[in-house]
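Here are two exercises to work through with the model open in your viewer. Try each task before you read its solution.

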Amino acid sequence: MSRAAWAGQLARRRRRAETAHPLIVEGRLRRVVGLTLEAEGCEAALGARCLVDTADGNQLDTEVVGFADERLLLMPVGEMHGVLPNARVRPLARAGGLPVGAGLLGRVVGADGLPLDGMGALDTGEHAALKAEPINPMARKPIDTPLDTGVRAINALLTVGRGQRLGLFAGSGVGKSTLLGMMTRYTDADVVVVGLIGERGREVKEFVEHTLGVEGRRRAVIVAAPADAPPLKRLRGAQYATAIAEWFRDRGQRVLLLMDSLTRYAQAQREIALAIGEPPATKGYPPSVFAMLPALVERAGNDAEGRGSITAFYTVLTEGDDYRHDPIADAARAILDGHIVLSRDLAEAGHYPAIDIEASISRVMPAVTAREHQRAAQRFRQVYSAYRQQRDLIAVGAYQKGSDPQVDQAIVMWPRLRAFLQQEVDEPMNLADGIAALNALAAEATQ
């Protein structure tokens, strides 16, 4: 054989070797403890997917969450039924992605990308990874444009900027879902992505049919991973909702991302971390929880100049309505651009939305509002706080008129201040009208 023939044959074999699929080293299932499966004999990286054979001939989808000595620690994505000792464990060569695209608008999908609404297969041709590369902070467009949420109290006193990330701190039963529904329908955004993570299963249909409605659903994508889903699926649900929002943002669209809730996301990671032996650090939460929270939140916000934005609201559930000593609430306040606190006292008094103006703040409000607007909001807060500080004395008739001119004025204006902060669910108010009403109250308060 000539030298040219040898060279040609060698080149063909080299191409075959380069395009050949790598060998997959399979293993066996050796141990199951709680939600953790231990596999021996296979090789897979952290975050890789593995399939475990079950007794009924199906395969259980799992993810590598750790390893110990020669064993891989796996966490199931679905229900762990029919798993047998020494079952075959087969790593997948590629993790793959989940469907994204405009075909998701109006649809309800699970954390695995499968439709839950019974409307047939998804009309999407693209897939995206659950975890994206972080954006260069120097490439982000500054937050300099106000966002109209349709809620008067937020527009006027807690003005939101396009690309801002806020926390909605609330206990149970104080109108959190109702406020989210108002923002979903009335916010000035091209696309709304809703992540229902770890909430009650019945709330999914109620949110879609009653809170969103037909009009709101047309521009919305709902990702649902209810409370009975395995912890890994709840983690993926939050990451999937963020990946969908990123897809629309990268195409220059203005996205509103509502995540309900960030606390359930943290609790899912806590379940996984404790199951694989990570020691608890703060009130039962391992350190990995506090590393994953900013990794998720930082994916929202503005992209580079001339591109889209993700304005995100993350609900944070507070135990006993005490958001100051809850570790997740404390961590969320540090990494978000502001927080809106819902008060149980206001909700029990029939004050909706039950926003505690004194405890809430928008950190970007000075950058997206005029100086006159800021002065009016400050004056409103001063008069409102003056009444709240003396309300016990006023209620029992112990306050003497004339003791404090500002309190005297607050008593006169109190009914209008409360009325300004209240709003019916089906009565949106745009940003300009809310600012005009605030300016009128502030002008009266300065007289």
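**Exercise 1: the cysteines**

Start with Cys42: this residue is buried, with a relative accessible area of 8%. Keep in mind that you're looking at a predicted model.

Task: find out how many disulfides the whole structure has, and work out why the sulfur of Cys50 isn't bonded to the closest cysteine sulfur.

Solution:
1. Search the whole structure and you get zero disulfides.
2. Now check Cys42, which is in no disulfide; its nearest cysteine sulfur belongs to Cys50, 5.4 Å away.
3. To count as a disulfide, two cysteine sulfur atoms must be within 2.5 Å. The Cys50 sulfur, at 5.4 Å from that of Cys42, is therefore too far for a bond.
4. Look at exposure too: Cys50 is buried, with a relative accessible area of 0%. The cut-off for buried is under 20%, so Cys42, at 8%, is buried as well.

**Exercise 2: the partners of β3**

Task: trace β3 (residues 49-53) and say how many bridges join it to β4, and how many to β6.

Solution:
1. Take β4 (residues 59-68) to begin with: five bridges join it to β3, and the two strands run antiparallel.
2. Pick out a pair here: Asp53 has Gln59 as its bridge partner in β4.
3. Follow the chain between these strands. β3 and β4 make a hairpin with five residues in between, and Gly57 in the turn has a positive phi of about 85 degrees.
4. Then go to β6 (residues 88-91), which pairs with β3 over three bridges, in the antiparallel sense.
5. For a pair in this case, choose Val52: its bridge partner in β6 is Val89.

Terms used: Residues numbered from 1 in each chain as written. Predicted model: local features only at pLDDT ≥ 70, side-chain atom pairs only at ≥ 80, totals over all residues. Heavy atoms only, no water. Buried < 20%, exposed > 50% of the residue type's maximum accessible area, 1.4 Å probe, protein only. Pairing = 2+ DSSP bridges. Helix = DSSP H or I, 4+ residues; strand = E, 2+ residues; numbered from the N terminus.
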